[in-house]
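Welcome, and please open your viewer. We will go from one selection to the next, and at each stop you will hear what is there.

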Amino acid sequence: MSNDPGVVATTLYPNFKPVDLAAAKEFISKNHHGVLATRKKDGGIQMSPITPGLDEGGRVIISSRETAYKVNNLKRDQRAAVCVFAPSFHGEGWVQAGGNAEIISLPQALDILVYLNRQVYGEHKSWDEFRQRMERERRVIIRITIDSVGPRRRG
């Protein structure tokens, strides 16, 4: 057997396909269960369950409250990573993506919040009510420019 990890992974896991940027974006656009990892003030990792989407520019978008720990963490350290998985998780796949995040506050975030909601849940029964709730909850968009994806290898 070869010593090349890619060859070993292909031999041991014949259905495995390394994830490239296009495949990761396609997966994230269709799957909306995930975990966001950010850095806490002490350097430790904080993980938060999220409902991610993908904007028209191919960036990961996540709705959050302005006061959430993950938002404060990202204001201090822009590095972020997400793991996005299919609803049943096992057997249907997952991808990870990492990059720098930016926080978009209201009112600029409002159209992106609507876009994300449509992507994940479809049409809202009352967009006026939705917008009011976003303002009341002080919602922001976390937008991550993807610069790395995986898994690239299996092993």
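Start by selecting strand 1 and strand 2, which run antiparallel and are joined by 6 bridges. Two strands count as paired if DSSP finds at least two bridges between them. Helices (H or I, at least four residues) and strands (E, at least two) are DSSP runs, numbered from the N terminus.

Before going on, a word about what you are looking at. This is a predicted model, in which local features need pLDDT of at least 70 and side-chain atom pairs count only at pLDDT 80 or more, while totals for chains, interfaces and linings use all residues. Residues are numbered from 1 along each chain as its sequence is written, and side-chain values use heavy atoms, with hydrogens and water left out.

**Stop 1: the hairpin**

Stay with strand 1 and strand 2, which form a hairpin with 5 residues between them. Click on Gly43 in the turn: its phi is positive, about 95°. Now look across the pair. Ala37 stands opposite Met47 in strand 2, and the bridge partner of Arg39 in strand 2 is Ile45.

Next, colour the two faces of strand 2. Gln46, Ser48 and Ile50 make up the covered face, whereas Ile45, Met47 and Pro49 belong to the uncovered one.

**Stop 2: the whole sheet**

Select all the strands. In what order do the 7 strands of the open sheet lie? The order is 2-1-5-6-7-4-3, with antiparallel pairing. Strand 2 (45–50) and strand 3 (53–54) are the edge strands, each pairing on one side only.

Move from strand 1 to strand 5, and you will find 5 bridges in the antiparallel sense. Val35 has Cys83 as its bridge partner in strand 5. One step further, strand 5 (residues 79–85) pairs with strand 6 (residues 94–104) over 7 bridges, again antiparallel. Here Val84 stands opposite Val95 in strand 6.

**Stop 3: Ala80**

Pick Ala80, which is found in strand 5. Is Ala80 buried or exposed? Ala80 is buried, with a relative accessible area of 7%. Buried means under 20% relative accessible area, exposed means over 50%, and partly exposed lies in between (1.4 Å probe, protein chains only).

Show the neighbours of Ala80. Leaving out residues up to four places away in sequence, Ala80 touches Leu36, Ala37, Leu74, Ala97, Gly98, Gly99, Ala101 and Ile144. A contact here means heavy atoms within 4.5 Å. You can also draw a distance from Ala80 to Lys70: their C-alpha atoms are separated by 9.6 Å, with the two residues 10 apart along the chain.

**Stop 4: helix 3**

Select helix 3 (residues 69–76), whose buried residues are Lys70, Val71, Asn73 and Leu74. Why do they lie on the same side of helix 3? They cover an arc of only 160° around the axis, and this puts them on one side of helix 3 (the arc is that of the directions from the helix axis to the C-beta atoms). In an α-helix there are 3.6 residues a turn, so residues three or four places apart point the same way. What covers the buried residues of helix 3 includes strand 1 (33–39), strand 4 (60–65) and strand 7 (139–150).

**Stop 5: the second largest pocket**

Select Thr51, Ser63, Leu113, Leu116, Asn117, Val120, Tyr121, Phe130, Arg133, Met134, Glu137 and Arg139, which line the second largest pocket. Which helix gives the largest share of this lining? Helix 4 does, with 5 residues. Helix 4 (110–121) and helix 5 (127–136) each supply at least two residues.

**Stop 6: special backbone spots**

Zoom in on the peptide bond from Leu106 to Pro107, which is cis, with omega near 5°. Pro107 is in the loop between strand 6 and helix 4. Another cis bond runs from Gly150 to Pro151, with omega near 5°, and Pro151 is in the segment after strand 7.

Finish at Arg138, in the loop between helix 5 and strand 7. The phi of Arg138 is near 55°, a positive value in a residue other than glycine. Arg138 is partly exposed, with a relative accessible area of 45%.

**Stop 7: zoom out**

Show the full chain, with its 5 helices and 7 strands. Along the sequence, they follow the pattern α-α-β-β-β-β-α-β-β-α-α-β. Of the 155 residues, 40% count as buried.

Definitions and conventions
On a 1 Å grid over the protein atoms alone, a cavity is a set of points where a 1.4 Å probe fits but cannot get out, and a pocket is an open set with protein on both sides within 12 Å along at least five of seven lines; lining residues have an atom within 4 Å of a point.
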